[in-house]
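Trainee: Could you take me through the largest pocket up close? I'd like to know what surrounds it and how it sits in the rest of the protein.

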Amino acid sequence: MMKARKFALSTLAVAIIMSVSVSCKKDKKDNPRPRVISVIGAFKGDMTKMAPNSPKWNTEAKVMHKDITFTTFPWKELLKDSKTPEGIVNSLEKILKNISYKLSYTEKMNAEKNGIHMDIKTTPLNFELEKKKISVYTSVPEKGSYTEKDKKLKFVLSLDSVKLNNVKLDVLKTTKYAIELTKK
């Protein structure tokens, strides 16, 4: 009788522990909590000019610890938008296809603990074509974000200026682009 009672109590204890364990696992699936390293990986998505009826341009990036490297980026469209002379944009097409663009970032978990805020910093892109020096200056005016639930990385990129042989070109007034990438 004593053995049967110990067995019943042991079985009850195991059942309680298993139900708590299953409950915790289910909670994690329903409400994923990202870790800062959750953002690391390959991403694919779109860049859209923040203006009515703007086209979407495909872009791809690889996010590592502290940097985002765009492997596919719509430089041609950005330069056209900046009023870079058409002949230069067309000449740059082959070069621009092979240019990767690297941004750095620092990250911090958001207050709700369901995403990551990213403070993204840019550097100028400099290159030469036919003895003409071209510099493209961008910035990220607001913090970017990554959410674990939908695996989306979002931020706004601003085209600040383009210089041709150190002479600043007129940049259109609407120079902000929404970038939305999904983890592959």
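**Around the largest pocket**

Mentor: Let's start with the walls: β2 (56-64), β3 (67-72), α2 (75-81) and α3 (86-97) each give at least two residues to the lining of the largest pocket. Keep in mind that you're looking at a predicted model. The space inside this pocket comes to about 210 Å³. Its lining has 13 residues, and the ones nearest the centre are Phe 73, Pro 74, Trp 75, Glu 77 and Lys 97. By type, the lining splits into six nonpolar, three polar and four charged residues.

Now zoom in on two of those central residues, Phe 73 and Trp 75. Phe 73 has 9% relative accessibility, and the cut-off for buried is under 20%, so Phe 73 counts as buried. Trp 75 has 1% relative accessibility, so it counts as buried too. Their rings also pair up: the centres are 4.6 Å apart and the planes meet at 50 degrees, so this pair is called tilted. The structure holds seven aromatic pairs. Follow the ring pairs and you get a cluster made of Phe 70, Phe 73, Trp 75, Tyr 101 and Phe 155.

Next, look at α3 (86-97), one of the elements that help line the pocket. Leu 129, in strand β6 (residues 125-129), touches Ile 88, Ser 91, Leu 92 and Ile 95, leaving out residues up to four places away in sequence. Take Ser 91: 38 residues separate it from Leu 129 along the chain, yet their C-alpha atoms are 7.9 Å apart. Leu 129 has 11% relative accessibility, so it counts as buried.

Step back to the whole protein. There are three helices and 11 strands, and 36% of the 184 residues count as buried. If you take contacts between residues at least 6 apart in sequence, 58% of them join residues at least 24 apart.

One last thing: how far can you trust the picture? The average pLDDT is 80, and 78% of the residues score at least 70. Residues 21-28 are another story, with pLDDT below 50 and zero contacts beyond near neighbours in sequence. Where pLDDT is low, the predicted coordinates shouldn't be read in detail.

Methods. Residues numbered from 1 in each chain as written. Predicted model: local features only at pLDDT ≥ 70, side-chain atom pairs only at ≥ 80, totals over all residues. Heavy atoms only, no water. pLDDT = per-residue confidence, 0-100. Contact = heavy atoms within 4.5 Å. Phe/Tyr/Trp six-rings, centres within 6.5 Å; stacked < 30°, edge-to-face > 60°. Buried < 20%, exposed > 50% of the residue type's maximum accessible area, 1.4 Å probe, protein only. 1 Å grid on protein atoms, 1.4 Å probe; cavity = no way out; pocket = protein on both sides within 12 Å on 5 of 7 lines; lining within 4 Å. Points joined across faces, edges and corners; volume = space filled by probe spheres on them. Helix = DSSP H or I, 4+ residues; strand = E, 2+ residues; numbered from the N terminus. Nonpolar A, V, L, I, M, F, W, Y, C, P; charged D, E, K, R; others polar.
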